[in-house]
Amino acid sequence: QVQLLESGGGLVRSGESLRLTCAASGRAFATHGVAWFRQAPGKEREFVSGVMWFGVETYYADSVKGRFTISRDNAKNTVYLEMNNLKPEDTAIYYCAATTKPHPPRGSDEYDFWGQGTQVTVSP
């Protein structure tokens, strides 16, 4: 069983930054990849960024390239999402997810484990 817990969300103004943290426990490293998704009211969950636990490649949605950075600290079983130059359209609940697939897929239905989410709100 893999357990994921997100933190670091909050209320910021347009142009400001936040750093999200995903703390993993259980058998986290039995999975291959971890990703951040987000969901705004009335919309489907969308892929934001992904990385492998034991790899170097990173993946980003086009909407966040150049603004968001994903990283990990395997010694702490932790994944981070640094979000810079936030925009109102980034407002959503952000979720950490883990997959057993060899590369982080972009479809939410391909992930096996999910956290409860952390709210990010960006005011104009």
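## A tour from the core to the disulfide

Start by selecting Trp36, Phe68, Leu81, Met83 and Tyr94: of the 29 residues in the largest nonpolar core of this predicted model, these five touch the most other members. Next, colour the strands that feed this core. At least two of its residues come from each of β1 (2–7), β3, β4 (33–39), β5 (46–52), β7 (68–73), β8 (78–83), β9 and β11 (118–123). As background, nonpolar side chains in soluble globular proteins tend to be buried together.

Now centre the view on Tyr94. Which residues is Tyr94 in contact with, once its neighbours within four places in sequence are left aside? Show Trp36, Phe68, Leu81 and Met83, and you will find them among its contacts. The list also includes Glu6, Leu20, Phe37, Arg38, Val48, Gly117, Thr118 and Val120.

Then pick Ala35, Phe37, Phe47 and Ala97. They are among the five residues of another core, which lies apart from the one above.

For the last stop, select Cys22 and Cys96 and show their side chains. Here is the one disulfide in the structure, with the sulfur atoms of Cys22 and Cys96 2.1 Å apart. Look along the S-S bond: at -80 degrees, the link is left-handed. Cys22 sits in strand β3 (residues 18–26) and Cys96 in strand β9 (residues 92–99), so the pair ties together parts that are 74 residues apart in sequence.

Are these two cysteines buried or exposed? Cys22 has 1% relative accessibility and therefore counts as buried; Cys96, at 0%, counts as buried too.

How values were computed:
Residues are numbered from 1 along each chain as its sequence is written. This is a predicted model: local features need pLDDT of at least 70, side-chain atom pairs count only at pLDDT 80 or more; totals for chains, interfaces and linings use all residues. Side-chain values use heavy atoms; hydrogens and water are left out. A disulfide is a pair of cysteine sulfur atoms within 2.5 Å. Helices (H or I, at least four residues) and strands (E, at least two) are DSSP runs, numbered from the N terminus. Buried means under 20% relative accessible area, exposed over 50%, partly exposed in between (1.4 Å probe, protein chains only). A nonpolar core is a set of buried Ala, Val, Leu, Ile, Met, Phe, Trp, Tyr and Cys residues joined through side-chain atoms within 4.5 Å. Contact means heavy atoms within 4.5 Å.
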